[in-house]
Amino acid sequence: MSTKPVDLHELASSAREELADAGDEAALEKWRIAYLGRKGRLPLVLRGLGELPLEERRRLGGEANQLRQELESALEAKREELKQQRHTAAEETGRLDVTLPGRPKRVGRLHPVTQTMREMLEIFVSMGFSVIEGPEVETEYYNFTALRIPEDHPARDMQDTLWLEGAEKDGAPLLLRTHTSPNQARFMEQHQPPIRIAVPGRCYRHEATDASREWMFTQIELLAVDEGISMADLKGTLFEFAKRMFGQERRVRFRCDYFPFVEPGVDMAIDCFLCGGDGCRTCRGEGWIEVLGAGMVHPEILSNMGYDADRYTGFAAGVGVERICMLRHGIEDIRAFYANDLRFLEQF
Ligand code: FA5
């Protein structure tokens, strides 16, 4: 049987020539159908290979495939070239090519800590707390003194402070608040019981950072003052919060803790999501992650605010929002929140 000799060289050079001459999208399509389409010249060659002797088939098959790749890339390049020409022409004549697809806009989203903060506030609001805010640049008085933390008291060292150099108010130095607790005094000075407030906001400490500590973090302060408020209200509120946030199965731990502005004081921790309580880097080997400090408002503070401390009692708490967000989503390192890596942030 005789087979018609296949002249790939002739095919290649006429394909290249015709492609170079194609001046618009329609000509390109015509060329594509003629050379690469299902019934095009090159596929025809490839289909005809079966009739050739093995050696010839191998050699020609390789060359034809190579040519196909070359022509496909040349087609793409030509398409791009024509597109560029259209752009330039449109720019020159001032016409807008409305047939070009637009560039998609990146859609923004809320930071995971903001999302968690809003979820937490929703829970507290549903329990009757109102949301208020206070300043991030604070006076020494509200951040420490009004909270029974006098100058030179070691409790000031518990929260390493970032002072604002050269800034002062009424002769007193200013600082970046180390916690949201200054809002307890700020609010009580201006209002009478009953009080139920939740105060979200950024706090700053001169900390050595690690997997669970940042130098900038977020807290929500809770304050409830009324007649007959007891430790049972404090525990009830915080347990209910933990259950709504994490579900029934999560374990919660209360321990005695010391804060000069409460008596008694406690801290609340939740079992580590990562190691389940065995101890790991994220929980610093403890098996628990501390999420908040709390306690019964010290009677001396209530009196200083002009309240009758025999009639009114109250509880306060300061919850760390990043820690709640970490527990919620299984985030191992707090530093990921503010490293500005979109690959991390876009997951939420
Ligand atoms: C306080 O800040 C007290 N103001 C809390 C308080 C309020 C106690 C009202 C009593 C009554 P503490 O320093 O423990 O306490 O911080 C409270 C929570 O804030 C911690 O449990 C933690 O969740 C979070 N937190 C504290 N420091 C950091 C930090 N460096 N990075 C991330 N979160 C932190």
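Visitor: Is Glu-51 buried or exposed?
Guide: This is a predicted model, and the answer rests on a computed area. The relative accessible area of Glu-51 is 54%. A residue counts as buried under 20% and as exposed over 50%. Because its value is 54%, Glu-51 is exposed.

Visitor: Between which two helices is the loop that holds Glu-51?
Guide: Glu-51 belongs to a loop, not to a helix. The helices on either side of that loop cover residues 41-48 and 54-93. They are H3 and H4.

Visitor: What distance separates the C-alpha atoms of Glu-51 and Ala-146?
Guide: Along the chain, Glu-51 and Ala-146 are 95 residues apart. In space, the separation of their C-alpha atoms is 97 Å.

Visitor: In which helix does Arg-57 lie, and is Arg-57 buried or exposed, or partly exposed?
Guide: The helix that contains Arg-57 is H4. The relative accessible area of Arg-57 is 35%. Partly exposed covers the range between 20% and 50%. Because 35% falls in that range, Arg-57 of helix H4 is partly exposed.

Visitor: How many Å apart in space are Arg-57 and Leu-71?
Guide: In sequence, 14 residues separate Arg-57 from Leu-71. Taken from C-alpha to C-alpha, the distance is 20 Å.

Visitor: How many residues surround the ligand?
Guide: The closest residues are His-179, Ser-181, Glu-207, Glu-214 and Glu-290. By class, the shell has ten nonpolar, nine polar and seven charged residues. The number of residues around the ligand is 26.

Visitor: Which strand gives the largest share of the shell around the ligand?
Guide: Strands E6 (216-227), E9 (288-297) and E10 (312-320) each supply at least two residues of this shell. The largest share is five residues. That share comes from E9.

Visitor: How much of the accessible area of the ligand does the protein cover?
Guide: An oxygen atom of the ligand lies 2.9 Å from a side-chain N or O atom of Arg-205. Glu-290 places a polar side-chain atom 2.8 Å from a ligand oxygen atom, and a polar backbone atom of Val-291 is 3.1 Å from an oxygen atom of the ligand. On its own, the ligand has 670 Å² of accessible area, and the part covered by the protein is 95%.

Visitor: Which pocket does the ligand take up?
Guide: The residues closest to the ligand include His-179 and Ser-181. The space that the ligand takes is the largest pocket.

Visitor: What is omega for the cis peptide bond that joins Glu-263 and Pro-264?
Guide: Pro-264 is part of strand E8, residues 262-271. The bond from Glu-263 to Pro-264 is cis. Its omega is about -5 degrees.

Visitor: What is omega for the cis peptide bond from Pro-193 to Pro-194?
Guide: Pro-194 sits in the loop between helix H7 (182-190) and strand E5 (195-204). The bond that leads to Pro-194 from Pro-193 is cis. Its omega is near 5 degrees.

Visitor: What is the positive phi of Arg-284?
Guide: Arg-284 is in the loop between E8 and E9. At 42% relative accessibility, Arg-284 is partly exposed. Arg-284 is not a glycine, yet its phi is positive, at about 50 degrees.

Visitor: Is Asn-340 buried or exposed?
Guide: Asn-340 is located in the loop between helix H10 (321-329) and helix H11 (342-345). Phi of Asn-340 is positive, near 60 degrees, in a residue other than glycine. Because its relative accessible area is 63%, Asn-340 is exposed.

Visitor: Is Phe-246 of helix H8 buried or exposed?
Guide: Helix H8 covers residues 231-246 and contains Phe-246. The C-alpha atom of Phe-246 is 64 Å from that of Ala-34, which is 212 residues away along the chain. Because its relative accessibility is 10%, Phe-246 counts as buried.

Key:
Residues numbered from 1 in each chain as written. Predicted model: local features only at pLDDT ≥ 70, side-chain atom pairs only at ≥ 80, totals over all residues. Heavy atoms only, no water. Near = heavy atom within 4 Å. Polar contact = N/O pair within 3.5 Å; in protein donor to acceptor, adjacent residues only side chain to side chain. Areas by Shrake-Rupley, 256 points an atom, 1.4 Å probe, with all protein chains shown as cover. 1 Å grid on protein atoms, 1.4 Å probe; cavity = no way out; pocket = protein on both sides within 12 Å on 5 of 7 lines; lining within 4 Å. Sits in = over half its atoms within 2 Å of the grid points. Helix = DSSP H or I, 4+ residues; strand = E, 2+ residues; numbered from the N terminus. Nonpolar A, V, L, I, M, F, W, Y, C, P; charged D, E, K, R; others polar. Buried < 20%, exposed > 50% of the residue type's maximum accessible area, 1.4 Å probe, protein only.
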